[in-house]
Structure formats: C-alpha cells, structure tokens
Amino acid sequence: MGAVNTRGAAPKQDRSRATRQRLLESAVTCLAELGWSGSTVTVVAEHAGVSRGAAQHHFPTREDLFTAAVEYVAEERSRALRTLPTPPDTPAAVRQIVALFTGPLFRAALQLWVAASNEPQLGPRVTDLETRIGRETHRMAVELLGADESAPGVRETVQGLLDMARGLGLANLLRDDSARRERVVAQWARIVRDVLGR
C-alpha cells in the first residue's frame, strides 16, 4: 500500500477558497452597482475573473450566490465592528451604527430585498438571512452603546435608532444626504444619551 500524495491538495483548496471569496465580493459589488437584474452569474464571474462553470461549481444557482454574498459581507461587517475600539461616547457610537447603513453592503442588501419580493425562490432565504443579520446588528448596537436593555424604553430606543439609520441609508441612495444626515444623527445621539442616562 503506497503513501497518499497530498502535495497538491492544500494549494488546490487555497485556490478554491480564493475563487469563492472573489465570487462573493464580486457579487456584492455587482449587486450594489448594477442591481438584481444586471447581476447575472455570468456578469459576476466575469467581474471575479473566473469562468461561469467555476462560479456554478461554488454556487449552483443565482440565489445561492447572492444570499451567500450578502451573508459573507454581513459576517465581515460584524467581524470589523467587533474589532472597533469602544466608542468614546454615545454620539460616536451612533455615528458608527449609522455608517452600517450607508455603504455598499446596505445597497447590495436593498437590491436583494427588492429581488426577494418578486422572486419566490429567493424570498424565504433572504427573510431568514435578514432575521439573523437584524438580530446581530441589534446586539452589536447594544454593545457599542453600552446599553442595558432591561431598563424601560432602552430596547425600543435602540431599535428606533436602527430603523432611523436604515431610513437615512435609503435617503442616501438617491443623493448625497450627508448634511441633513449629520443633523439627524446628532439629534438621535442626544435622544439615545438621554434614554441611556449618559
């Protein structure tokens, strides 16, 4: 019985992981820039620099590709948030939370939500994914704010902050809304600070 040759296994696995990651990153970019209708598997594969066959090897369906892409970036966003230094004060924490809803991930997620409302095979997957992401975002907001949700009104205030941030992200899609957004964020920071008693 001869020895098993595993010499090429690690590089092949590394290449496979790298291909998968490029596909996920390209899917998010395409979704944010081109929308659902413009983001086909072929377009994403071309953007990633891989063949359509390689893309379908990793993600058999378009829905698999895009739900995995949004989940991947959400996990990356969570990882990045966990490594942020503790904000020095409530206004800084509120700004960090609002920033979650003004970048390319939010644009991509929005495109996926719209597509899910019209694609029966995509709807349940996106709903489940958004439920998980929503819980994680709420939990991170509580941590960033140092909030005690057992106190009356705190949970609702944190959720209101997240809803407001999502609304600001929507307003930002059509035009640069940064001047108005800064005033709204400053007011919400005061509200949150008053509710948290800080």
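What follows is a walk through the fold, the two nonpolar cores and one buried valine of this predicted model.

On the broad layout, the protein is helices and loops: nine helices turn up and zero strands, so the pattern along the sequence, by DSSP runs, is simply α-α-α-α-α-α-α-α-α. Laid along the principal axes, the C-alpha atoms fill a box of roughly 70 × 45 × 30 Å. Of the 198 residues, 41% are buried. Sequence-distant pairing is well represented too: taking contacts between residues at least 6 apart in sequence, 69% join residues at least 24 apart.

As for the surface, about 11000 Å² is exposed, and carbon and sulfur atoms supply 54% of that area. The charges come to 26 positive and 23 negative, and their mean positions sit 4 Å apart.

Two stretches carry record annotations. In an unreviewed entry, UniProt lists residues 17-77 as "domain: HTH tetR-type". In the model this span is 87% helix and 0% strand, with its end C-alpha atoms 19 Å apart. The UniProt annotation "DNA-binding region", also from an unreviewed entry, covers residues 40-59. Here the chain is 75% helix and 0% strand, and the end C-alpha atoms lie 12 Å from each other.

Turning to the interior, the largest nonpolar core has 33 residues, and the members touching the most others are L23, L65, F66, V70 and L112. Helices α1 (9-38), α2 (41-48), α4 (62-83), α6 (104-118) and α7 (123-145) each put at least two residues into this core. L65 gives a feel for the packing: leaving aside residues up to four places away in sequence, L65 touches L23, L24, A27, V41, V44 and F59. There is also a second, separate core of 23 residues, with F101, V142, L145 and L162 among them.

V94 is worth a closer look. This valine belongs to helix α5 (residues 90-99). With a relative accessible area of 0%, V94 counts as buried because that value falls under the 20% cut-off. Its contacts, again not counting residues up to four places away in sequence, are L145, L161, V185, A189 and V192. One of these, L145, is also listed in the second core. Finally, V94 and R193 are 99 residues apart in sequence, yet their C-alpha atoms are 9.7 Å apart in space.

Technical notes. Residues numbered from 1 in each chain as written. Predicted model: local features only at pLDDT ≥ 70, side-chain atom pairs only at ≥ 80, totals over all residues. Heavy atoms only, no water. UniProt positions renumbered as here; feature names shortened; annotations may be inferred. Helix = DSSP H or I, 4+ residues; strand = E, 2+ residues; numbered from the N terminus. Buried < 20%, exposed > 50% of the residue type's maximum accessible area, 1.4 Å probe, protein only. Contact = heavy atoms within 4.5 Å. Areas by Shrake-Rupley, 256 points an atom, 1.4 Å probe, with all protein chains shown as cover. Lys, Arg positive; Asp, Glu negative; His and termini not counted. Charge placed at Lys NZ, Arg CZ, Asp CG, Glu CD. Core = buried A, V, L, I, M, F, W, Y, C linked by side-chain atoms within 4.5 Å.
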